[in-house]
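Let's go through this one by asking where its labels come from. Each label gets its value and its cut-off.

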Protein chains: 2
Amino acid sequence: MRPRTLRDQPGRGGPSSTDSHAQGGEGGDPPPAPLEVEPFGARLAAAVAARESQVVVGIDPDPARLWPAAVERAPEARALLAAPAGDTRFDVATAVLAHALALIDAAAPACVAAKPQAAFFEQLGFAGWLALERVCAYARAAGLLVIADAKRGDVPSTAAAYSRALTGPAPGLDADAITANPLMGRDALAPLVTGARRRGAGAFLLVRTSNPGAADVLDLQLATGEPLWERLATMTAELGEGEPLADVGAVTGATVPEHLARMRELMPRTPFLLPGIGAQGGDVAALAPAFAPGKAAGLVSASRSIAGAGDARAAAHAQAAREEAERLREAAWNLA
Amino acid sequence: MRPRTLRDQPGRGGPSSTDSHAQGGEGGDPPPAPLEVEPFGARLAAAVAARESQVVVGIDPDPARLWPAAVERAPEARALLAAPAGDTRFDVATAVLAHALALIDAAAPACVAAKPQAAFFEQLGFAGWLALERVCAYARAAGLLVIADAKRGDVPSTAAAYSRALTGPAPGLDADAITANPLMGRDALAPLVTGARRRGAGAFLLVRTSNPGAADVLDLQLATGEPLWERLATMTAELGEGEPLADVGAVTGATVPEHLARMRELMPRTPFLLPGIGAQGGDVAALAPAFAPGKAAGLVSASRSIAGAGDARAAAHAQAAREEAERLREAAWNLA
């Protein structure tokens with residue numbers, strides 16, 4: 001029987017880790033060594049095993065397509081935002097957060113992680129960013145890993161600030177993993193990767209995305225013969241630390257399954273984040289090569305196919321989402 | 001004599017544009033045509049001419065290095081954030097906003113634009129995002145164009161949300177331009193470019209950045225012989241609309257001036273955003289090729305070299321920033 005939630009995630013530097021260090025400390029002793037955090041690859045493997053799921057529920061709420069029934073959660077959402085009574089600046093963020101709470105409750109039992117998409121919260125302004133903070137905390141409390149899908153990338157000093165924003169402790173989002181854009185090269189990636197690593201978190205780098213335009217740049221053939229995405233794959237493999245699963249992952253579009261075997265060859269220890277299931281096209285059965293190193297080596301992300309599963313069946317969004325997430329979970333689990 | 005501020009920027013679809021349409025409207029008439037917004041290239045050229053400046057002041061405040069004297073602006077900043085009394089979640093954002101207000105006041109007279117760096121606000125959580133909203137509004141009121149430096153890039157539906165967040169009206173930042181990452185290709189860029197265009201705003205795409213790691217990816221030689229950044233330059237030129245200056249710009253690292261002539265050849269109508277002056281290295285005199293099509297074709301961005309100009313002279317940060325911005329302004333203006 002799979003656990004419904006996993007409130008005490010293994011390995012994260014929480015109170016229990018602190019306690020185990022504190023036991024050895026006495027006045028006059030040298031300061032304790034830095035907290036040993038369990039590396040992301042190990043945390044991911046443990047979470048996948050405990051929840052028997054590789055499914056990641058994407059949270060990218062369109063204010064025009066929220067679940068009508070989620071309005072019941074609005075008072076709870078408004079309280080979570082600590083929104084002053086009558087302050088209309090929080091109204092849309094409240095509705096979006098209410099929807100996200102309902103979506104997490106519905107999908108969490110079949111999932112190992114939630115992946116909020118930063119853009120859909122940023123478009124609501126500061127109240128949206130506050131809702132994003134609450135979504136991350138709520139998903140974590142539901143036993144899910146949190147992948148902050150923000151695809152950041154910038155010069156090193158700026159990348160360090162993004163790292164604090166996404167994987168840092170509050171007021172950071174304290175995410176378990178992020179997505180990042182590798183275009184600016186290794187020194188730009190380093191603060192994102194090492195900032196995450198210090199917290200037991202991971203970074204998924206864009207390698208070959210699932211949108212048609214990925215062919216414009218990522219598929220360009222290099223003078224050395226391979227496409228650009230293969231070079232990014234090699235860089236991703238080199239940046240990761242940890243066995244058998246590394247702490248630097250790859251975003252690998254599920255709409256190009258013919259690439260997956262080659263990706264696995266270039267990135268033998270790399271967790272793959274496989275978007276593109278459902279609304280963006282893509283088929284779970286085609287993903288088998290991703291799971292070659294083990295069940296946790298491939299995460300199957302789905303957003304609209306879960307949140308929108310009930311669109312054809314009025315007023316049954318939560319139930320339909322739960323069923324669709326479970327269908328995906330079972331399909332992926334049996335493949336891997 | 002240059003104007004100190006430019007409160008009524010030309011061409012933006014503000015109240016005056018609305019009024020001019022409303023004058024022609026009567027009951028029963030067909031709905032007015034969409035507001036004609038002046039394209040970003042034309043707005044940029046007009047702003048550079050009016051302010052006699054191509055200098056962009058970067059706003060990326062490190063909470064550990066704020067101007068001590070800016071604490072005087074804290075009450076004003078706290079009021080702008082509408083922060084409830086005693087709510088400590090706004091404290092750091094208040095200090096950062098106070099610093100940014102002082103920096104804008106000091107540098108604005110020598111600048112044509114302000115470039116807030118999203119990461120330095122996101123790291124403060126939702127209160128930081130609110131401060132970012134206020135920074136954008138304050139810079140605009142000081143007569144500056146606002147370039148939201150966020151380097152976003154994602155699949156089309158997500159890119160559309162980023163577009164609303166950055167160049168959309170409130171709760172969007174209503175920025176005059178953004179920076180964007182082209183790795184995911186044309187369909188991913190389209191919502192950012194067209195979303196900006198509809199508002200008379202622009203998008204500066206990463207072409208060749210100034211960090212050492214840019215060599216890892218952007219300098220890779222393609223099978224067709226040219227480096228990747230040249231391909232991105234061609235794409236940037238093709239995406240831009242407008243004469244003589246296009247509304248899609250290029251982020252072109254000022255630390256590689258040897259590339260500038262080639263960039264100008266590939267992107268004859270493209271505004272260049274030239275970071276890397278000062279703290280990141282780079283020399284204004286080397287930038288001459290950027291300005292070949294006209295004074296507004298090159299924007300000279302500086303962050304730490306302006307904000308930190310007074311570090312050697314205690315308690316004179318604002319004056320030193322003003323002088324450094326003016327020095328840069330004059331150097332660039334006389335080159336172009």
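Q: What makes the sheet of chain A a closed barrel?
A: Eight strands run β1-β2-β3-β4-β5-β6-β7-β8 in a closed barrel with parallel pairing. Strands here are DSSP E runs of at least two residues, helices are H or I runs of at least four, and both are numbered from the N terminus. Two strands pair if DSSP finds at least two bridges between them. Neighbouring strands of this sheet are turned by 30° against each other on average, ignoring direction. A quick note on the source: this is a predicted model, where local features need pLDDT of at least 70 and side-chain atom pairs pLDDT 80 or more, while totals for chains, interfaces and linings use all residues. Residues count from 1 along each chain as its sequence is written, and chains are lettered from A and ligands numbered from 1 in the order in which they are written.

Q: How do you know that β2 and β3 of chain A pair?
A: Strand β2(A) (113–116) and strand β3(A) (145–152) share two bridges, in the parallel sense. The pairing rule asks for at least two, so they qualify. A:Ala114 stands opposite A:Val146 in β3(A).

Q: Which strands does α13(A) touch when it packs on the sheet?
A: Helix α13(A) (317–335) touches β1(A) (55–59) and β8(A) (298–302), and its direction makes about 145° with that of β1(A). In all, chain A has 13 helices and eight strands.

Q: Why are α4(A) and α13(A) called oblique to each other?
A: Their axes come within 8 Å and cross at roughly 45°. Axes are lines fitted to C-alpha atoms, for helices over the stretch in contact, and angles run from 0 to 180 degrees between N-to-C directions. Under 35 degrees is roughly parallel, over 145 roughly antiparallel, 65 to 115 roughly perpendicular, and the rest oblique. The angle falls in that last class, so α4(A) and α13(A) are oblique. The crossing is right-handed, meaning the near helix is turned clockwise from the far one by less than a right angle (anticlockwise would be left-handed).

Q: What makes up the contact of α4(A) with α13(A)?
A: Seven nonpolar residues, no polar and one charged. Ala, Val, Leu, Ile, Met, Phe, Trp, Tyr, Cys and Pro count as nonpolar, Asp, Glu, Lys and Arg as charged, and the others, Gly among them, as polar. Among the contributors are A:Leu103 of α4(A) and A:Arg322 of α13(A). Contact itself means C-beta atoms, placed from the backbone, within 7 Å.

Q: Why do α7(A) and α8(A) get the label roughly parallel?
A: The axes of α7(A) (156–167) and α8(A) (186–197) cross at roughly 25° and come within 8 Å. That angle is below the parallel limit, so the label is roughly parallel. Their crossing is right-handed. The residues of this contact divide into nine nonpolar, three polar and two charged.

Q: How do you know whether B:Ala79 is buried or exposed?
A: A residue is buried with 20 or more other C-beta atoms within 10 Å of its own, exposed with 12 or fewer, and partly exposed in between. B:Ala79, in helix α3(B) (74–81), has 10, so it is exposed. In chain A, 60% of the 336 residues are buried.

Q: How many residues does each chain bring to the contact of chain A and chain B?
A: Chain B brings 50 and chain A brings 50. On the chain B side, α7(B) gives the most, with six residues. That side divides into 28 nonpolar, twelve polar and ten charged residues.

Note on methods: Contact = placed C-beta atoms within 7 Å.
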